[in-house]
Amino acid sequence: MPQLLNARDYRDAARKRLPTALFEYIDRGTEDELAIDGIRKSLDAIRLAPRILTGHAERNLQTTVLGQQTGMPLIVAPTALAGMVSHNGEVKLARAAARMGIPFCISTQSVTTIEEVRDGAPDALLWFQLYMWKDRNLSRKLLERVAASGATTLVVTADTPVGPKREYNNRNGFSIPLKYSVRGGIDVLTHPHWFFGVLLRYLMTTGMPTYGHYPKEFRSAVTRPSVSEAVKLENLLKWDDVRQLRQWWKGKLVIKGVLSLQDAIKACELEADGIVVSAHGGRNLDIAPAPAEVLPAIAEAVGHRTEILADSGVMRGSDVLKYLSLGASSVMVGRLPLWGLAANGEAGANALFQMLRDEIDVTLAMLGLRTPNGI
Ligand SMILES: Cc1cc2nc3c(=O)[nH]c(=O)nc-3n(C[C@H](O)[C@H](O)[C@H](O)COP(=O)(O)O)c2cc1C
């Protein structure tokens, strides 16, 4: 295993380990990938001036998010199919997050169910991300399971009304559900570490992975060609539905994918406990503004009424601090934990979180700050 010193090293290691189609599904954006580029540039353009001679012996990275105390201002973002990156990937991520005292947000489209994650990682601070299904009663039943599993926070993803146009997925053969193809077969067989360590392990134990949360009667292996109408993602979601969700869900409720001031205000009017100012990692709308561009105005307008989280493009601890400096209270990371997982399973995720923690710590010290909130 080469020395993995920064996020790029982990990404390179993941590229070697994962089939190309899976690597690109995680790594890339949409259409012309302008959003990914814009997110990076927006973060690179931010400079933070240090204060000198502030005399802090050590930093304290602890903070609170939505009333929960956390080890640092980081949250593991929901990522579909994290369980395809490593065997039992979602459980491993939840354990690694628990070790750092940070929340792990499980996706509706995970391979492993929230019950299995809770059992495998009893100390995890569990959040749940909702993609509403067309059959809303099924979603309601799922939320009952989520509540029973002890998840504190519901993250409603509101920025995905249709499937995005990701042309590289067509070229490299990746689709959900996955389909068998000669090209796909070659891709898998030329990545034996993944074939033996992930796919074959599933096949020999629980069988071909499925979307774990989908009700049994609709659950198909990720290789089956069709997904039933009832569990297609609801493309007709409206603000009124948030009102409905408020009734169904008694815990904290967060709207993910806010990029306009009007929507941030609307979320506050509906008493959302938080919003995630997010461009979905540049994976959905290619002409969307970068979160860093819109965050200051949103934070100024509604920061006193709701908790503001941000995500997209974090590659360094300093990127986390940049989002905090613009008004976020904590930051979600999507791809990086997957790179850690791909590089070396749970140990890789642990090491990656520790690396981010160290980077945040060093940057805070350089800035002359003792706590992230002081930024
Ligand atoms: C492979 C992958 C799958 C994702 N799946 C979901 C999902 O199921 N639900 C969701 O709300 N966001 C999903 N996202 C978006 C992340 O939650 C997050 O907004 C984004 O990854 C942040 O950008 P970053 O990857 O640059 O940190 C996914 C992102 C990736 C990379």
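Student: How do the residues of the shell around the ligand divide into nonpolar, polar and charged?

Tutor: The model is a predicted one. In it, 22 residues surround the ligand, and the closest are Pro78, Ser107, Thr157, Asp311 and Gly313. By type, the shell divides into 8 nonpolar, 10 polar and 4 charged residues.

Student: How much of the ligand's area does the protein bury?

Tutor: Polar atoms of the protein lie beside oxygen atoms of the ligand: a polar backbone atom of Pro78 is 2.7 Å from one, and a polar side-chain atom of Lys256 is 3.0 Å from one. A backbone N or O atom of Arg335 lies 2.9 Å from an oxygen atom of the ligand. Taken alone the ligand exposes 600 Å², and the share of this that the protein buries is 98%.

Student: Which elements give two or more residues to the shell around the ligand?

Tutor: The shell holds 22 residues in total. The elements that give two or more of them are helix 2 (20-27) and helix 14 (335-367).

Student: Is Gln129 buried or exposed, and which side chain makes a polar contact with the side chain of Gln129?

Tutor: Gln129 is found in strand 5, residues 126-130. Its relative accessible area is 2%, so Gln129 is buried, the limit being under 20%. Beyond four places in sequence, Gln129 touches Pro78, Cys105, Ile106, Ser107, Thr108, Val155 and Thr157. The polar contact, at 3.2 Å, is with the side chain of Ser107.

Student: Which helix gives the largest share of the largest nonpolar core?

Tutor: The largest nonpolar core has 112 residues, and Leu18, Ile275 and Tyr323 touch the most other members. The largest share of this core is 14 residues, and these come from helix 14.

Student: What is Leu18 in contact with, leaving aside its neighbours within four places in sequence?

Tutor: Leu18 is among the residues that touch the most other members of the largest nonpolar core. With its neighbours within four places left aside, the contacts of Leu18 are Phe23, Ile26, Val85, His191, Trp194, Trp339 and Ala342.

Student: How many residues are in the other core that lies apart from it?

Tutor: Leu66, Ala77, Val254 and Met332 are among the members of this other core. The number of residues in the core is 11.

Student: Where does Ser312 lie, and what is its phi?

Tutor: Ser312 lies in the loop between strand 9 (307-311) and helix 13 (317-325). Its relative accessible area is 4%, so Ser312 counts as buried. Most residues other than glycine have a negative phi. Ser312 is not a glycine, yet its phi is positive, about 110 degrees.

Student: What is the phi of His280?

Tutor: His280 lies in the loop between strand 8 (274-277) and helix 12 (291-302). At 13% relative accessibility, His280 counts as buried. Although His280 is not a glycine, its phi is positive, at about 55 degrees.

Student: Is Thr113 buried or exposed?

Tutor: Thr113 lies in the loop between strand 4 (104-106) and helix 5 (114-120). Not counting neighbours within four places in sequence, Thr113 is in contact with Ile106, Arg145, Gly212 and His213. Its relative accessibility is 10%, so Thr113 counts as buried.

Student: What is the relative accessible area of Lys232?

Tutor: Lys232 has its place in the loop between helix 9 (192-204) and helix 10 (239-248). Beyond four places in sequence, Lys232 is in contact with Met132, Trp133, Lys134 and Val227. Lys232 is partly exposed, with a relative accessible area of 37%.

Technical notes
Residues are numbered from 1 along each chain as its sequence is written. This is a predicted model: local features need pLDDT of at least 70, side-chain atom pairs count only at pLDDT 80 or more; totals for chains, interfaces and linings use all residues. Side-chain values use heavy atoms; hydrogens and water are left out. A residue is near a molecule or strand if one of its heavy atoms lies within 4 Å of it. A polar contact is a pair of N or O atoms within 3.5 Å; within protein, one must be able to donate a hydrogen and the other to accept it, and residues adjacent in sequence count only if both atoms are side-chain atoms. Accessible areas come from the Shrake-Rupley method with a 1.4 Å probe; for residues, only the protein chains shown count as cover. Helices (H or I, at least four residues) and strands (E, at least two) are DSSP runs, numbered from the N terminus. Ala, Val, Leu, Ile, Met, Phe, Trp, Tyr, Cys and Pro count as nonpolar, Asp, Glu, Lys and Arg as charged, and the others, Gly among them, as polar. Buried means under 20% relative accessible area, exposed over 50%, partly exposed in between (1.4 Å probe, protein chains only). Contact means heavy atoms within 4.5 Å. A nonpolar core is a set of buried Ala, Val, Leu, Ile, Met, Phe, Trp, Tyr and Cys residues joined through side-chain atoms within 4.5 Å.
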